[in-house]
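Open the model in your viewer and keep the selection tool at hand. We will go from stop to stop, with a note on what to select at each one.

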There are 2 protein chains.
Amino acid sequence: MKLSTKGRYAVMAMADLAYHCNGSPVTLAAVAERQEISLSYLEQLFGKLRRGGLVKSVRGPGGGYMLSRDASLLRVSDIILAVNEHIKTTRCADGGSSGCQTDKSRCLTHDLWRELSNQIFLYLSSVSLADICEGRVLGTSGLFFNGGRTERTTAAQ
Amino acid sequence: MKLSTKGRYAVMAMADLAYHCNGSPVTLAAVAERQEISLSYLEQLFGKLRRGGLVKSVRGPGGGYMLSRDASLLRVSDIILAVNEHIKTTRCADGGSSGCQTDKSRCLTHDLWRELSNQIFLYLSSVSLADICEGRVLGTSGLFFNGGRTERTTAAQ
DNA sequence: AGTATATCCGACTATTTCAGTCAAGTTTAT
DNA sequence: ATAAACTTGACTGAAATAGTCGGATATACT
């Protein structure tokens with residue numbers, strides 16, 4: 001799970017889409033202006049989002065992009081995975097335990113990284129676009145990942 | 001909190017140090033060979049680690065590096081912060097809520113990103129070098145996901 | 001003193017990714 | 001037909017990453 005501004009732009013744009021959606025498509029030009037992201041760059045990102053099945057496009061005049069499903073069903077992790085072609089976090093073959101047997105201390109950190117990556121993924125999976133739109137991201141002072149938050153919210157729209 | 005191979009190398013090297021330390025300094029050459037990281041690159045990283053107060057150096061023959069304190073007191077987050085000069089995650093001024101008031105939807109993702117960064121930091125703060133050396137990485141003692149989601153992965157026990 | 005061993009330091013290079021641009025297309029409502 | 005919008009691919013500058021290189025400095029041991 002890679003975290004960069006690319007993924008953040010994608011999430012920002014998707015949140016904008018969810019926020020300003022009222023049944024009709026939203027043009028990228030509008031998103032670009034509101035979020036202050038270059039239109040051409042957005043086109044690039046939305047190409048990936050569309051191919052990833054996260055948005056639907058409507059071509060021609062009056063067209064634009066729409067979420068492919070309800071905002072409560074679109075997780076942040078989906079968005080980031082769609083725009084960032086996945087990277088391998090560890091050098092030695094992933095779960096295969098193929099190499100890395102030579103020295104015991106060499107792969108000590110691999111468990112850590114895999115677990116961290118897992119943590120991040122779980123967190124981003126627990127947040128939906130609807131959560132973002134409704135500011136339901138912070139909170140839970142100190143205890144995070146209280147399960148089932150996304151499911152409970154059902155997109156008050 | 002930036003996550004790249006740079007930080008991972010640093011953690012690997014520090015874990016190696018903790019693992020092979022028996023009172024006397026460990027040379028970077030030994031670490032480089034065991035962890036298969038270039039010596040010159042390690043020197044670069046350990047310069048930062050030393051300036052960050054995480055390791056002590058002993059120059060001259062028989063010299064090398066030692067942990068500055070017990071492995072249980074060195075957190076992974078310390079290491080990563082030491083080698084990665086910190087970056088700002090959001091474009092608009094950080095906690096200041098200075099800009100970003102223009103459009104409501106624009107900063108919607110900022111809370112998310114700040115929270116995510118916080119999550120990552122908390123996780124990496126909860127893991128010490130000693131934890132890594134003893135394989136106590138998975139199943140982080142309930143600091144996360146205490147709701148029974150990733151329950152007791154039985155790594156150590 | 002001299003030397004081997006090690007850390008220290010700064011500049012340098014190559015590769016990749018990021019962020020954005022440009023120039024063409026295709027589809028479709030009017 | 002025309003214009004609005006998406007679609008695609010190639011291209012670019014800037015930055016970060018990952019790694020290299022050559023030397024300088026400190027110190028233990030002859």
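Start by selecting A:Asp131, which sits in helix H6 (residues 129–133) of chain A; helices here are DSSP runs of H or I with at least four residues, strands are runs of E with at least two, and both are numbered from the N terminus. Is A:Asp131 buried or exposed? A:Asp131 counts as buried, at 0% relative accessibility. (Buried means under 20% relative accessible area, exposed over 50%, and partly exposed in between, with a 1.4 Å probe and protein chains only.) Now show the backbone nitrogen of A:Ser128: the side chain of A:Asp131 reaches that atom at 2.9 Å. This is a polar contact, a pair of N or O atoms within 3.5 Å; within protein, one must be able to donate a hydrogen and the other to accept it, and residues adjacent in sequence count only if both atoms are side-chain atoms.

A word on the ground rules: this is a predicted model, where local features need pLDDT of at least 70 and side-chain atom pairs count only at pLDDT 80 or more, while totals for chains, interfaces and linings use all residues. Residues are numbered from 1 along each chain as its sequence is written, chains are lettered from A and ligands numbered from 1 in the order in which they are written, and side-chain values use heavy atoms, with hydrogens and water left out.

Next, select A:Tyr19 in helix H1 of chain A. With a relative accessible area of 29%, A:Tyr19 is partly exposed. Add A:Ala130, which is 111 residues away along the chain, yet the two C-alpha atoms are separated by 8.5 Å.

Move on to helix H4 (residues 76–83) of chain A, which is largely enclosed by the rest of the structure because six of its eight residues are buried. Colour those six: A:Val76, A:Ser77, A:Asp78, A:Ile79, A:Ile80 and A:Val83. They pack against helix H1 (5–20), H3, helix H5 (108–125) and H6 of chain A, and also against helix H5 (108–125) of chain B.

Now for chain B. Select B:Leu28, in helix H2 (residues 28–35). B:Leu28 is buried, at 8% relative accessible area. Show its contacts (heavy atoms within 4.5 Å): leaving aside residues up to four places away in sequence, B:Leu28 touches B:Leu39, B:Leu42, B:Glu43, B:Phe46 and B:Tyr65.

Then bring up strands S1 (residues 55–58) and S2 (residues 64–67) of chain B, which pair in the antiparallel sense over four bridges; pairing requires that DSSP finds at least two bridges between the strands. One bridge joins B:Val58 to B:Gly64 in S2(B). These strands form a hairpin with five residues between them, and B:Gly60 in the turn has a positive phi of about 85°.

Finish with DNA strand D, which 29 residues surround, the closest being A:Ser57, A:Tyr65, B:Lys2, B:Thr5 and B:Arg59. (Near means that a heavy atom of the residue lies within 4 Å.) Of the strand D atoms that come within 4 Å of the protein, sugar and phosphate account for 67%. Zoom in on A:Ser57, where a polar side-chain atom lies 2.3 Å from a phosphate oxygen of the strand. At B:Lys6, a polar backbone atom is 3.0 Å from a phosphate oxygen of DNA strand D. Which element gives the most to this surface? H3(A) does, with four residues.
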